[in-house]
Amino acid sequence: MLVELIRRVASDSAPIAIAFSGGRDSLALTRLAVAAGLQPHLLHVHHRGAASDANAEWVTGSARAMKVDLTILDSGPLAVGRGFEAGARQARYRVLAAACPGIIWVAALLASMLSLEPLFQTSAE
């Protein structure tokens, strides 16, 4: 059922980019996209530091195991005026938008249900 949903949502003319944190939700979305016969390109934002380095290694291994392309993007400096998480989220969105003209998919795991929604659509203008 979810694989069919992925196929319906995907456009034949547009490449699929997935914001890939390496967590359960983005991993599940990637596996579903691959099962649907798509060739997603994973985008991972590296926020610097030891924890981010370890996460980047995990993400790289996961992408390799699934045989999908991965680009690791540097978040640049974080604006932490409203807290680290808010600054990291703002940096992720900025970097992802610059890296991919088109639609970037994200997955949110809420109440044990996978819901798919585009994070945003960027413009190639």
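Biologist: What makes Ile18 and Met66 contacts of Leu42 in this model?

Modeller: The model is predicted. Contact means heavy atoms within 4.5 Å. Leaving aside neighbours within four places in sequence, Leu42 is in contact with Ile18, Phe20, Thr30, Ala63, Met66, Val68, Asp69, Leu70 and Thr71, so each of these has heavy atoms within 4.5 Å of Leu42.

Biologist: Which residues have the most contacts inside the largest nonpolar core?

Modeller: They are Ile6, Ile18, Leu38, Leu42 and Trp105, in a core of 17 residues. Helix 2 and helix 3 (50-66) are the elements that give two or more residues to this core. Helix 2 supplies the largest share, 4 residues.

Biologist: What lies apart from that core?

Modeller: Another core, of 8 residues, does; among them are Ala17, Val45, Leu96 and Cys100.

Biologist: Why is Leu96 called buried?

Modeller: Buried means under 20% relative accessible area. Leu96 is listed as buried in helix 4, along with Ala86, Gly87, Ala88, Ala91 and Val95, so Leu96 falls under that 20% cut-off.

Biologist: How do you know that the span of helix 4 agrees with the expected one?

Modeller: Helix 4 (residues 84-99) has 16 residues, which at 1.5 Å a residue should span 22 Å. Its end C-alpha atoms are 22 Å apart, so the two values agree.

Biologist: What is the reach of helix 2, and how many residues does this helix have?

Modeller: Helix 2 (residues 24-35) has 12 residues and reaches 16 Å from its first C-alpha to its last. That is close to the 16 Å expected at 1.5 Å a residue. Its buried residues are Ser26, Leu27, Leu29, Thr30, Leu32 and Ala33. Gly37 follows helix 2 and has a positive phi, near 85 degrees.

Biologist: Is Pro15 buried or exposed, and why?

Modeller: Exposed means over 50% relative accessible area. Pro15 has 68%, so Pro15 counts as exposed.

Biologist: Where is Pro15 in the chain?

Modeller: Pro15 sits in the loop between helix 1 (2-9) and strand 1 (17-19). Pro15 and His41 are 26 residues apart in sequence, and their C-alpha atoms are 7.8 Å apart in space.

Biologist: What elements does the whole protein chain have?

Modeller: The protein chain has 4 helices and 5 strands, running α-β-α-β-α-β-α-β-β from the N terminus on. Of its 125 residues, 38% count as buried. Among contacts with a separation of 6 or more, 59% join residues 24 or more positions apart.

Conventions
Residues are numbered from 1 along each chain as its sequence is written. This is a predicted model: local features need pLDDT of at least 70, side-chain atom pairs count only at pLDDT 80 or more; totals for chains, interfaces and linings use all residues. Side-chain values use heavy atoms; hydrogens and water are left out. The expected span of a helix is 1.5 Å times one less than its number of residues. Buried means under 20% relative accessible area, exposed over 50%, partly exposed in between (1.4 Å probe, protein chains only). A nonpolar core is a set of buried Ala, Val, Leu, Ile, Met, Phe, Trp, Tyr and Cys residues joined through side-chain atoms within 4.5 Å.
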